Amino acid sequence: MRRERAVIERLKQEHTIDREGLSCLLGTEDGESAAYLAQTAREAADAVYGRDIYIRGLIEFTSYCRNDCYYCGIRRGNRLAERYRLTEEEILECCRQGYGLGFRTFVLQGGEDPYFTDEKICALVSEIKKRFPDCAVTLSVGEKPRASYQAYFDAGADRYLLRHETADETHYRRLHPPELSLAERKRCLYDLKEIGYQTGCGFMVGSPYQTVETLYEDLLFIRDLGPEMVGIGPFIPQKDTPFGGEAAGSVETTLRLLSVLRLLHPHALLPATTALGTLHPKGRERGILAGANVVMPNLSPVGVRKKYRLYDNKICTGEEAAECLSCLARRMEEIGYRIVTDRGDCRRDPGKVE
Ligand code: SAH
């Protein structure tokens with residue numbers, strides 16, 4: 001108890017934690033300490049973002065992927081995955097609907113699909129920016145050469161999400177096939193930052209072989225990169241992948257890590273993810289109450305949602321965008337927060353590393 005308090009005080013005052021401190025907070029069985037951690041993190045979020053929760057409209061525009069990550073349901077090797085691609089018109093229609101609902105950020109996410117050449121992505125980004133000039137466009141389309149990232153940026157993309165997945169070399173190799181490397185993943189993230197994107201990294205909580213040590217490496221990497229966003233959510237097995245028989249990550253550990261991240265990086269944009277909502281009926285609310293300040297409702301056409309199956313039992317695959325949004329708005333209000341309709345940029349001085 002006293003130990004936990006000391007670690008939390010140091011997080012709050014100095015925005016730092018050491019390995020032992022992290023181990024203490026993740027391992028504690030003292031419910032009061034866990035509640036105090038969440039409360040302290042929520043206060044830190046309130047101090048920067050108040051009771052505002054930002055929304056991002058997620059458009060899952062392709063389920064084709066050339067990669068074979070062991071955890072992911074849309075990996076190339078999954079013969080049972082249903083593949084689809086949205087047309088440019090369909091994507092623009094999602095944006096139009098989303099705009100009408102109040103979304104001012106569109107996140108285009110997909111597998112690494114060679115069909116979507118740089119030319120197509122640039123054309124898409126500039127068309128969205130032309131039609132919706134007051135909106136931010138976020139891309140989440142995986143690892144690309146620096147020149148491609150630069151081209152998307154020049155076409156108008158504002159933000160890029162690329163979870164680093166784990167900052168530990170050995171762990172990275174156990175989650176990915178040999179052709180993928182942590183060094184390349186990091187190269188992408190540093191390029192994105194240098195080009196000027198608001199950049200998001202992140203990792204799954206409870207992925208196979210993860211330890212407190214690898215999580216501590218994640219925290220060190222995040223400090224070094226200085227991203228605007230950090231996306232974390234529990235690992236959830238997808239039955240047709242090599243990790244289909246593994247256990248899901250823990251909701252409780254995810255919440256504690258969200259709180260630690262909030263206290264380390266008070267200005268960060270931290271989503272309460274769909275994966276968290278999938279493992280617990282109040283997962284996203286609990287995420288907000290542990291310090292998150294972003295939610296990412298699905299704007300993909302209902303007909304394709306079940307096909308973008310990164311993991312099993314994903315929620316919100318049956319409802320229209322409007323229903324998803326009103327459901328989330330209600331959930332946020334129930335806990336004393338409100339969804340706001342602006343671009344929701346990071347409130348940190350550019351260039352400042354916390
Ligand atoms: N191709 C893009 C988008 C990947 S999907 C890219 O490489 O960035 C987005 C995120 O979903 C991944 O970064 C991963 O962290 C998460 N994800 C994949 N499979 C998952 C699973 N089984 N459980 C939980 N999250 C998963």
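Ile 59 sits among many partners in this predicted model: beyond its neighbours within four places in sequence, Ile 59 is in contact with Leu 86, Ile 91, Cys 94, Cys 95, Phe 106, Val 107, Leu 108, Gln 109, Leu 299 and Ser 300. Ile 59 also ranks with Ile 17, Ile 128 and Tyr 152 as the residues with the most contacts inside the largest nonpolar core. Here is a quick tour of the cores, followed by the ligand site.

**Nonpolar cores**
- The largest nonpolar core counts 95 residues.
- Helix H10, spanning residues 251-264, gives the most to this core, contributing eight residues.
- Separate from it is a second core of twelve residues, with Tyr 49, Val 107, Val 294 and Val 340 among them.
- Val 107, a member of that second core, is also one of the contacts of Ile 59.

**Around the ligand**
- The ligand is surrounded by 16 residues, and the closest are Tyr 71, Gly 110, Arg 163, Glu 165 and Ile 236.
- Sorted by class, this shell holds nine nonpolar, four polar and three charged residues.

**Polar contacts and burial of the ligand**
- Glu 165 places an N or O atom of its side chain 2.5 Å from an oxygen atom of the ligand.
- Tyr 71 has a polar backbone atom 3.0 Å from a nitrogen atom of the ligand.
- For Leu 310, a backbone N or O atom lies 3.4 Å from a nitrogen atom of the ligand.
- The ligand taken alone exposes 550 Å², and the protein buries 91% of that area.

Terms used. Residues numbered from 1 in each chain as written. Predicted model: local features only at pLDDT ≥ 70, side-chain atom pairs only at ≥ 80, totals over all residues. Heavy atoms only, no water. Near = heavy atom within 4 Å. Polar contact = N/O pair within 3.5 Å; in protein donor to acceptor, adjacent residues only side chain to side chain. Areas by Shrake-Rupley, 256 points an atom, 1.4 Å probe, with all protein chains shown as cover. Nonpolar A, V, L, I, M, F, W, Y, C, P; charged D, E, K, R; others polar. Core = buried A, V, L, I, M, F, W, Y, C linked by side-chain atoms within 4.5 Å. Buried < 20%, exposed > 50% of the residue type's maximum accessible area, 1.4 Å probe, protein only. Helix = DSSP H or I, 4+ residues; strand = E, 2+ residues; numbered from the N terminus. Contact = heavy atoms within 4.5 Å.
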